[in-house]
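Work through the exercises below with the coordinates open. Each task is followed by a solution in steps.

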Amino acid sequence: MKKFGTVLLILVIIIGVIFSYIQYKKSNVEESVINYLTTEKNIPDDEIISSEPFIANLQGDKNWMVSVKLKNDEKTYFYYKNKGKITLESYTENGVEYVQ
């Protein structure tokens, strides 16, 4: 019974580490994108309606993306972080995706 408890504890720790890593990556990319938009693109914070980090199931750094909606803009923008640089991957307008 003691071995089962040890194995269960190790499994819980591994799952916790994986979950924490995913949350860290998503949060880090979202923070970097918001910082990029507000400092380099001079978009005020109150113009950003929503930002949602997600896993895109793409290769490399494109796997960690953030969708951004801006006030008075029908487009949804998708950004990712590659080697510290924020890149616009694509945007959607009226249900049509435009890849950069």
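The exercises cover the sheet, the helix, the core and the aromatic pairs.

This is a predicted model, in which local features need pLDDT of at least 70 and side-chain atom pairs count only at pLDDT 80 or more, while totals for chains, interfaces and linings use all residues. Residues are numbered from 1 along each chain as its sequence is written, and side-chain values use heavy atoms, with hydrogens and water left out.

**Exercise 1. The sheet**

Task: Determine the order of the strands in the open sheet and find which strands stand at the edges.

Solution.
- Step 1. Strands (E, at least two residues) and helices (H or I, at least four) are taken as DSSP runs, numbered from the N terminus. Two strands pair if DSSP finds at least two bridges between them.
- Step 2. The five strands follow the order E1-E2-E3-E4-E5, and their pairing is antiparallel.
- Step 3. Strand E1 (48–55) and strand E5 (96–99) each have a single partner strand, so one side of each is left without a neighbour in the sheet.
- Step 4. On average, neighbouring strands are turned by 25° against each other, direction ignored. The axes behind such angles are lines fitted to C-alpha atoms, for helices over the stretch in contact; angles run from 0 to 180 degrees between N-to-C directions.

**Exercise 2. Strand E2 and its two partners**

Task: Count the bridges that join E1 to E2 and those between E2 and E3, then identify residues that stand opposite each other.

Solution.
- Step 1. E1 and E2 run antiparallel and are joined by seven bridges. Ser51 stands opposite Val68 in E2.
- Step 2. On the other pairing, E2 and E3 are antiparallel over five bridges. Here Val68 has Tyr77 in E3 as its bridge partner, and Lys69 stands opposite Thr76 in E3.
- Step 3. E2 and E3 form a hairpin with five residues between them, and Asn72 in the turn has a positive phi of about 60°.
- Step 4. Six of the seven residues of E2 are buried (under 20% relative accessible area; exposed is over 50% and partly exposed lies in between, with a 1.4 Å probe and protein chains only).
- Step 5. One of the residues in strand E2 is Ser67, which counts as buried at 15% relative accessibility. The C-alpha atoms of Ser67 and Tyr77 are separated by 5.5 Å, although the two residues are 10 apart along the chain.

**Exercise 3. The helix and the core**

Task: Compare the length of H1 with the expected span, then find which elements give two or more residues to the largest nonpolar core.

Solution.
- Step 1. The expected span of a helix is 1.5 Å times one less than its number of residues. For the 38 residues of H1 this is 56 Å, and the helix reaches 55 Å from its first C-alpha to its last, close to that value.
- Step 2. The buried residues Val29, Ser32, Val33, Tyr36 and Leu37 lie in H1. Their cover includes E1, E2, E3 and E4.
- Step 3. A nonpolar core is a set of buried Ala, Val, Leu, Ile, Met, Phe, Trp, Tyr and Cys residues joined through side-chain atoms within 4.5 Å. The largest one has 14 residues, and those with the most contacts inside it are Val33, Leu37, Ile48, Val68, Leu70 and Tyr79.
- Step 4. Helix H1 (2–39), strand E2 (64–70), strand E3 (76–82) and strand E4 (85–93) give two or more residues each to this core.
- Step 5. Contact means heavy atoms within 4.5 Å. Leaving aside neighbours within four places in sequence, the contacts of Val68 include Val33, Leu37, Ile48 and Tyr79.

**Exercise 4. Aromatic pairs**

Task: Classify the pair of Phe54 and Phe78 and the pair of Tyr91 and Tyr98.

Solution.
- Step 1. Rings of Phe, Tyr and Trp (its six-membered ring) pair if their centres lie within 6.5 Å; planes under 30 degrees apart count as stacked, over 60 as edge-to-face and the rest as tilted. The whole structure has five aromatic pairs.
- Step 2. Phe54 and Phe78 are 6.1 Å apart centre to centre with 90° between the planes, which is edge-to-face. Phe54 lies in strand E1 and Phe78 in strand E3, so the pair ties together parts that are 24 residues apart in sequence. Phe54 is partly exposed at 27% relative accessibility, whereas Phe78 is buried at 17%.
- Step 3. Tyr91 and Tyr98 are stacked, at 5.2 Å centre to centre and 25° between the planes. Tyr91 is buried at 17% relative accessibility, and Tyr98 is partly exposed at 36%.
- Step 4. Ring pairs link Tyr77, Tyr91 and Tyr98 into a cluster. Tyr77 lies in strand E3 and is buried at 13% relative accessibility.
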